[in-house]
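Subject: A structure to look through

Hi,

Here is the structure I promised to pass on to you. Please open it next to this email and follow along.

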Amino acid sequence: MIDRRRKQEKAVLIGVCHKEQKKEQVIEYLDELSFLCSTAGAIPVKRFTQNLHQVDPATLIGKGKVQEIKKFIDDSGDIDMVIFDDELSPSQQRNLESEFKKKVFDRTGLILDIFADRAQTAYAKTQVELAQYEYLLPRLAGMWTHLEKQRGGIGMRGPGETEIETDRRRVRKRIALLRERLEVIDRQMTTQRRNRGQLIRVSLVGYTNAGKSTLMNLLSHSDVFAENALFATLDTTVRKVTFENTTFLLSDTVGFIRKLPTFLIEAFKSTLDEVREADILLHVVDISHPSFEDQIKVVNQTLADLKVSDKTMILVFNKADLFRFHDEDGNPIPASIDDLKKSWIAKEHAKLVFISAATKVNIDELRAVMLNSIRREYGIRYPYSIV
């Protein structure tokens, strides 16, 4: 993992273009990997892409590309790590580290490093630690040279136990302990959610860096940490909010991202329970991002995996002030809210609002749309009450 106490480390980024992918998509994935790299505190200095018809079981990318990357690393002399956008098997990671003589990890390892740095509460830190150990367990072999040695000496004769087996046993025990801790915290958080009464719950979801925390601060008048970085928020924040005498609970959750491994979603199960138990989902989208449609699909797929696709959802297209149309010559043209409402984007989605949380544009319309949905939910839950 990246050690921020030292000088900024330099990284080489590797992307793989599978036969069903377009090269433009791989470039976009590498752009995101570069942003992740910068968020983690490293400097991306060079990118390599490899067209792959068949995965090399030993190195993922094949001997020729390995030698090309190795030559660049040797010639540069100041590269500290190599980061792959695709997931590496433990054996592939060991083989590549042996070839490059540098740290090698994949997108998952990079995300885990960012998570470890961003986690603030004891609960978030426990979740991240569990995910790190589960990622580490199959990768123990080869991480330290002493693990290959057999213990010996007085009191250690007999069948014995290799240090790698000892470390694996310790890691498994630690994983079991962390799971027990999370189960206890899960029960506590479930109790807390029950104690919130019968208020309607609204949860902010979306791709990482879409502006959820900024919107949370605006709607709830709170001070949730927000910045232009991936995974700025890991801890779930819940606030009681009132619109025109109608009170509800608003929660901000961890952002989603492409290629998020299943075990990482499972580690954040209780955090995502806020999404599962929400009555209304505000799906925040960064409309200024060139691939916002793909990001919508990633979030929708993650919500489907969480089995919450049937909930009332409002699409909130954020950062409208940064969105640009392009004329026939490709020149960018600023777009107003009225322009966006007449565009193909508005025609493709039923319930949506265009806003800018940073500049507070069109927030009144968002509040009105939210209020209508919240009152409708209250009407279903309490049909004989007046909200």
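Below I go through the two sheets, then an aromatic pair, then a cavity.

Please keep in mind that this is a predicted model, in which local features need pLDDT of at least 70 and side-chain atom pairs count only at pLDDT 80 or more, while totals for chains, interfaces and linings use all residues. Residues are numbered from 1 along each chain as its sequence is written, and side-chain values use heavy atoms, with hydrogens and water left out.

A word on names: helices (H or I, at least four residues) and strands (E, at least two) are DSSP runs, numbered from the N terminus. Two strands pair if DSSP finds at least two bridges between them.

**The four-stranded sheet**

One open sheet has four strands in the order β2-β1-β3-β4, with parallel pairing. At its edges are β2 (43-52) and β4 (103-106), each of which pairs on one side only. From one strand to the next, the twist averages 20 degrees; axes are lines fitted to C-alpha atoms, for helices over the stretch in contact, and angles run from 0 to 180 degrees between N-to-C directions. Four bridges link β1 (residues 10-18) and β3 (residues 81-84) in the parallel sense, and Ala11 has Met81 of β3 opposite.

Two helices belong in this picture, with contact meaning heavy atoms within 4.5 Å. Helix α2 (residues 63-76) lies across β1, β2 and β3 and runs at about 165 degrees to β2. Helix α3 (residues 90-100) packs on the sheet, where it touches β3 and β4, and its direction makes about 145 degrees with that of β4.

**The six-stranded sheet**

The other open sheet to look at has six strands in the order β6-β7-β5-β8-β9-β12, with mixed pairing. Here β6 and β12 (352-354) are the edge strands. On average, neighbouring strands are turned by 25 degrees against each other, direction ignored.

Strands β6 (residues 237-243) and β7 (residues 246-252) are antiparallel, paired over seven bridges, and Thr242 has Thr247 in β7 as its bridge partner. The two strands form a hairpin with two residues between them, and Glu244 in the turn has a positive phi of about 45 degrees. Further in, β5 (residues 200-206) runs parallel to β8, joined by five bridges, with Leu204 opposite Leu282 in β8. Helix α13 (residues 363-381) lies across β5, β6, β7, β8, β9 and β12, at about 110 degrees to β7.

**An aromatic pair**

Rings of Phe, Tyr and Trp (its six-membered ring) pair if their centres lie within 6.5 Å; planes under 30 degrees apart count as stacked, over 60 as edge-to-face and the rest as tilted. The count comes to six aromatic pairs. One of them is Phe292 with Phe317: the centres are 6.0 Å apart and the planes at 85 degrees, so the pair is edge-to-face. Phe292 lies in helix α10 and Phe317 in strand β9 (residues 312-318), so the pair ties together parts that are 25 residues apart in sequence.

**A cavity**

On a 1 Å grid over the protein atoms alone, a cavity is a set of points where a 1.4 Å probe fits but cannot get out, and lining residues have an atom within 4 Å of a point. Grid points are joined across faces, edges and corners, and a volume is the space filled by probe spheres set on the points.

The whole structure has three cavities of 30 Å³ or more, and the second largest holds about 40 Å³. Its lining includes Tyr207, His283, Asp286 and Gln295. Strand β8 (280-286) and helix α10 (292-305) each supply at least two lining residues, and β8 gives the most, with four.

Happy exploring!

How values were computed:
On a 1 Å grid over the protein atoms alone, a cavity is a set of points where a 1.4 Å probe fits but cannot get out, and a pocket is an open set with protein on both sides within 12 Å along at least five of seven lines; lining residues have an atom within 4 Å of a point.
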